[in-house]
Amino acid sequence: GSRRTPQERRQLSRDSGGGRLSPVADAPYCGWFVLAAAFLSAMLAAGCGIHVFGLLVVAVTEEFGISRAEVNNGMIALMLGAAIWSPIVGKLLDRMSSRLVMATGGVAIGGGLVAISQSHALPLITLYIIGPVALGVAAAGTLASNTVVVRWFKLRRGRALGLLAISTSAAGFLLVPVVALLIEHFGWRDDRGVLFRGVNGQ
């Protein structure tokens, strides 16, 4: 076929999804690969930090001899920590590489889960939840993922954000059964270590 003009190549690049120019006009817009990575990061952060909490209620109540209402204080601690860390993470996303921020978040949430699995003191577990786990949820979860996707998409931003929003639901119906199986076979403490390796891609 005839060769495309520079104007036609630029238009094809924009129509591929994002509004940025691709090095090769006929290549898939790389923003979709960024979206896939952001989706995976948000899914793992939501799954390991939030969705699996309900699976641990019975095990934790039996081990520590506390009520289910007291166990739910862990979720309150996570929400409090996320509220504290989110403005800080947002500022870092404006000033630093989003890749670095999200990678740090993944390490933080993974390290926090391992620390929880090795701790036998409830106050210390609460500190781990408010600290590294909540930091990881903020830095590797929907806050960072949405920020990255918005930067990469202009013309199809709504579609991209809609797809990204599925990540939190996917965490529920994909990760929860896996974690439930791990808890059944290895117990909740060993399960935390397995999740650490999963979050950090090991």
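**Exercise 1. Decide whether Pro132 is buried, exposed or partly exposed, and describe its surroundings in this predicted model.**

Step 1. Pro132 has a relative accessible area of 27% and is therefore partly exposed, since buried means under 20% relative accessible area, exposed over 50%, and partly exposed in between (1.4 Å probe, protein chains only).

Step 2. Pro132 is found in helix H7, which covers residues 122-140; helices (H or I, at least four residues) and strands (E, at least two) are DSSP runs, numbered from the N terminus.

Step 3. When neighbours within four places in sequence are left aside, Pro132 is in contact (heavy atoms within 4.5 Å) with Ala108, Ile109, Gly112 and Leu127. Gly110 is 22 residues from Pro132 in sequence, and the two are 8.3 Å apart in space, C-alpha to C-alpha.

A note on the model: residues are numbered from 1 along each chain as its sequence is written. The model is predicted, so that local features need pLDDT of at least 70 and side-chain atom pairs count only at pLDDT 80 or more, while totals for chains, interfaces and linings use all residues, and side-chain values use heavy atoms, with hydrogens and water left out.

**Exercise 2. Find the salt bridge of the structure and explain which parts it ties together.**

Step 1. A salt bridge is a side-chain nitrogen of Lys or Arg within 4 Å of a carboxyl oxygen of Asp or Glu, and a search of the whole structure gives 1 salt bridge.

Step 2. The partners are Asp94 and Arg151, whose side chains meet at 3.9 Å, N to O. Because Asp94 lies in helix H5 (residues 73-95) and Arg151 in helix H8 (residues 142-152), the pair ties together parts that are 57 residues apart in sequence.

Step 3. Asp94 counts as exposed, at 64% relative accessibility, whereas Arg151 is partly exposed, with a relative accessible area of 34%.

**Exercise 3. Classify the ring pair of Tyr29 and Phe153, and say where the two residues lie.**

Step 1. Rings of Phe, Tyr and Trp (its six-membered ring) pair if their centres lie within 6.5 Å; planes under 30 degrees apart count as stacked, over 60 as edge-to-face and the rest as tilted. By this rule there are 3 aromatic pairs.

Step 2. For Tyr29 and Phe153 the ring centres are 5.7 Å apart and the planes stand at 85°, so the pair is edge-to-face.

Step 3. Tyr29 lies in the loop between helix H1 (6-15) and helix H2 (31-51), and Phe153 in the loop between H8 and helix H9 (157-199), so the pair ties together parts that are 124 residues apart in sequence.

Step 4. Both Tyr29 and Phe153 are buried, and together with Trp32 and Trp152 they form one aromatic cluster.

**Exercise 4. Describe the largest nonpolar core and name the helix that gives the most to it.**

Step 1. A nonpolar core is a set of buried Ala, Val, Leu, Ile, Met, Phe, Trp, Tyr and Cys residues joined through side-chain atoms within 4.5 Å. The largest one has 21 residues, and those with the most contacts inside it are Val60, Val71, Leu78, Ile116, Ile129 and Val133.

Step 2. Helix H3 (53-64), H5, helix H6 (98-118), H7 and H9 each supply at least two residues of this core, and H7 gives the most, with 5 residues.

Step 3. A second, separate core has 8 residues, including Val101 and Ala139.
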